[in-house]
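Hello,

Here is the structure I promised to pass on to you. Have a look at it first, and then read on for my notes.

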Amino acid sequence: MIDVYSWPTPNGHKVHIMLEECGLSYRAIPIDIGAGDQFKPAFLGISPNNKIPAIVDSDGPDGKPIALFESGAILIYLASKVGRFLGQSDREKYQTLQWLMFQVGGFGPMLGQAHHFRIYAPEKIDYAYERYTNEAKRLYQVLENQLAHQSYLAGDNYTVADIACFPWARSAANQGIDWADYPNTKRWFDQINDRPAVKKALTVLADYRKPLTDNKAKDILFGQTQYAKK
């Protein structure tokens, strides 16, 4: 059994999707990031960076429990555990990993900034709004170019690279993206969105999520609570 400490956000959805695609038994444990659950000592013992998701696999590589944080590392671990979604050869594996790194280093963080300054910033800052909206468009164009000649990001096989990028693209409109400008990426998105495992994964913890309108929750996520010494 794998315990996944998570919340229904893009980074959480990555791991929910991966667990469903792998057919692994898991238990989803909600970490309400708007209430500050991510700062509780028990969770920090698993995820010292106070970010979701994190997992504890009772059947680790040596038969002993293993705890992991950082969604990219978790995806690689799960893919290695089941022997799927990392490519079928060394060449395919490294092509997959480069696109996974593209997501964890850029497609997630920069889209997160675009989302924040377009939707959640308490005041509109034109420089930040334009900078991150333009960066979002640039990153989607990278996907568009890559997907012009193949089905998935790392080739013709569905991999952790697609699983990692897909949840972030679910908020394309909030990032300033018009799907009409990215037809190859939209085809890729729809193809993944139709997968049964993906549909099921997107329901995991979905009932817990609520609109972010509470000022206390905003302070926990974006204000001084986030930066207080732990």
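Below is what I found, going from the sheet to the helices and then to the charged pairs.

Please keep in mind that this is a predicted model. A good place to begin is residues 1-86, where UniProt, in an unreviewed entry, places the feature "domain: GST N-terminal". Helix makes up 34% of that span and strand 21%, and its end C-alpha atoms are 22 Å apart.

Now for the sheet. It is open and has four strands in the order β2-β1-β3-β4, with mixed pairing. At the edges are β2 (26-30) and β4 (66-69), each of which pairs on one side only. From one strand to the next, the twist averages 20°.

You can follow the pairing across the sheet residue by residue. β1 and β3 are antiparallel and share four bridges; V4 has I55 in β3 as its bridge partner. Strand β3, residues 54-57, is also antiparallel to β4, again over four bridges. There I55 has L68 in β4 as its bridge partner, while V56 stands opposite A67. If you display V4, I55 and L68 together, you will see I55 bridging to V4 and to L68.

Next, the helices. Helix α1 (residues 10-22) packs on the sheet, where it touches β1 (2-6), β2 and β3, and its direction makes about 155° with that of β1. α1 also packs with helix α3 (residues 71-82), at an angle of about 5° and with the two axes 10 Å apart. Angles under 35 degrees count as roughly parallel, so α1 is roughly parallel to α3.

Which residues make the contact between these two helices? From α1 they are N11, K14, V15, M18, L19 and C22, and from α3 they are S71, I74, L75, L78, A79 and V82. Nine of the residues in this contact are nonpolar, two are polar and one is charged.

Last, the charged pairs. Side chains of opposite charge can pair when their charged atoms come close. How many salt bridges does the structure hold? There are eight. One to look at is D3 with R27, whose closest N and O atoms are 2.9 Å apart. This pair links distant parts of the chain, since D3 is in strand β1 and R27 is in strand β2, 24 residues apart.

Happy viewing, and do write back with any questions.

Best wishes

Technical notes: Residues numbered from 1 in each chain as written. Predicted model: local features only at pLDDT ≥ 70, side-chain atom pairs only at ≥ 80, totals over all residues. Heavy atoms only, no water. Pairing = 2+ DSSP bridges. Axes fitted to C-alpha atoms, helices over the stretch in contact; angles between N-to-C directions. Contact = heavy atoms within 4.5 Å. Parallel < 35°, antiparallel > 145°, perpendicular 65-115°, else oblique. Nonpolar A, V, L, I, M, F, W, Y, C, P; charged D, E, K, R; others polar. UniProt positions renumbered as here; feature names shortened; annotations may be inferred. Salt bridge = Lys/Arg side-chain N within 4 Å of Asp/Glu carboxyl O.
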